[in-house]
Amino acid sequence: MKICFATHNQNKLKEINQILGNDFEVVGLTDIGCTEEIIEDGNTLEENSAIKARHVFSNYNIPCFADDTGLEVESLGGAPGVYSARYAGEPSNSQNNIKLLLQNLDGESNRTARFRTVITLIWNSEEIQFEGIVRGAIADSLKGTDGFGYDPIFIPEGQSRTFSEMSSNEKNAISHRGRAVAKLVDYLKSV
Ligand code: IMP
């Protein structure tokens with residue numbers, strides 16, 4: 001069964017294909033000829049992941065899913081949240097995003113945060129959403145070299161290292177995206 005993951009990210013595609021095995025062939029946006037920009041103008045992760053999945057389904061008529069992730073910091077009222085990629089402005093720049101976040105948390109003792117991923121699946125013309133959350137805290141400074149985005153400043157609950165100090169297997173086992181993908185995979189294996 002062919003299914004489209006609404007992403008251009010080859011790492012995400014490779015990872016999900018490995019997890020799903022032979023029953024599903026997961027293809028990306030490039031593979032289905034979708035090169036146009038999908039405008040993510042929703043105000044929530046739920047809306048943005050649905051916008052991407054609906055775009056693919058209505059234009060390419062293929063079962064599909066899309067993900068959207070945000071870092072939600074408690075003392076900042078849930079910011080940067082849905083704006084995580086462009087927190088410090090366009091174009092998206094992780095170094096600047098981290099710098100601004102650490103600046104906005106300067107002197108703040110409550111560093112509680114969570115990563116949240118929402119996946120929208122359109123299957124048999126029906127929409128289903130899956131959520132994955134990892135709770136943790138924002139470090140005082142950057143640590144580690146692996147990963148991407150906010151990984152160098154996010155310490156998952158019960159850990160002493162940031163995501164950037166972990167191997168990708170260690171991170172995937174507990175991460176927001178790993179948890180949301182696990183729910184998606186369980187569902188797809190049951191249909
Ligand atoms: P996306 O929805 O996967 O494109 O994620 C939106 C933004 O959230 C990214 O540009 C990153 O800044 C951040 N982000 C998403 N997932 C992660 C992660 O696993 N670690 C660190 N930052 C992430």
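Q: Which strand holds P80, and what makes that stretch count as a strand?
A: In this predicted model, P80 lies in strand β4, residues 80-81. A strand needs at least two residues in a DSSP run, so 80-81 qualifies.

Q: What kind of peptide bond joins A79 and P80, and what is its omega?
A: The bond is cis, with omega about -5 degrees. Most peptide bonds are trans. You'll find another cis bond from E90 to P91, with omega near -10 degrees. P91 sits in the loop between β4 and α3 (94-104).

Q: What makes N124 worth a look?
A: Its phi is positive, about 50 degrees, although N124 is not a glycine. Most residues other than glycine have a negative phi. To find N124, go to the loop between β5 (112-123) and β6.

Q: Why are F130 and Y187 called a tilted aromatic pair?
A: Their ring centres are 5.7 Å apart, and the cut-off for a pair is 6.5 Å, so they count as one. The planes make an angle of 55 degrees. Stacked means under 30 degrees and edge-to-face means over 60, so 55 lands in the tilted class. By this rule the count comes to 6 aromatic pairs.

Q: What does the pair of F130 and Y187 tie together?
A: F130 belongs to strand β6 (residues 126-138) and Y187 to helix α5, so the pair links parts that are 57 residues apart in sequence.

Q: Now for the ligand: how do you know that K171 makes a polar contact with it?
A: A polar side-chain atom of K171 is 2.7 Å from an oxygen atom of the ligand. The limit is 3.5 Å between N or O atoms, so this pair counts. Backbone atoms join in too: a backbone N or O atom of T69 lies 2.9 Å from a ligand oxygen, and one of Y150 lies 3.1 Å from a ligand nitrogen. Both values are within 3.5 Å, so these are polar contacts as well. On its own, the ligand has 470 Å² of accessible area, and the protein covers 86% of that.

Q: Which residues come nearest to the ligand, and where does the ligand sit?
A: Of the 13 residues around the ligand, T69, D151, K171, H176 and R177 come nearest. The ligand sits in the largest pocket.

Q: What makes up the shell around the ligand?
A: The shell divides into 4 nonpolar, 4 polar and 5 charged residues. β3 (64-73) and α5 (176-190) each supply at least two of the shell's residues.

Definitions and conventions:
Residues are numbered from 1 along each chain as its sequence is written. This is a predicted model: local features need pLDDT of at least 70, side-chain atom pairs count only at pLDDT 80 or more; totals for chains, interfaces and linings use all residues. Side-chain values use heavy atoms; hydrogens and water are left out. A residue is near a molecule or strand if one of its heavy atoms lies within 4 Å of it. A polar contact is a pair of N or O atoms within 3.5 Å; within protein, one must be able to donate a hydrogen and the other to accept it, and residues adjacent in sequence count only if both atoms are side-chain atoms. Accessible areas come from the Shrake-Rupley method with a 1.4 Å probe; for residues, only the protein chains shown count as cover. On a 1 Å grid over the protein atoms alone, a cavity is a set of points where a 1.4 Å probe fits but cannot get out, and a pocket is an open set with protein on both sides within 12 Å along at least five of seven lines; lining residues have an atom within 4 Å of a point. A molecule sits in a cavity or pocket if more than half of its atoms lie within 2 Å of its grid points. Helices (H or I, at least four residues) and strands (E, at least two) are DSSP runs, numbered from the N terminus. Ala, Val, Leu, Ile, Met, Phe, Trp, Tyr, Cys and Pro count as nonpolar, Asp, Glu, Lys and Arg as charged, and the others, Gly among them, as polar.
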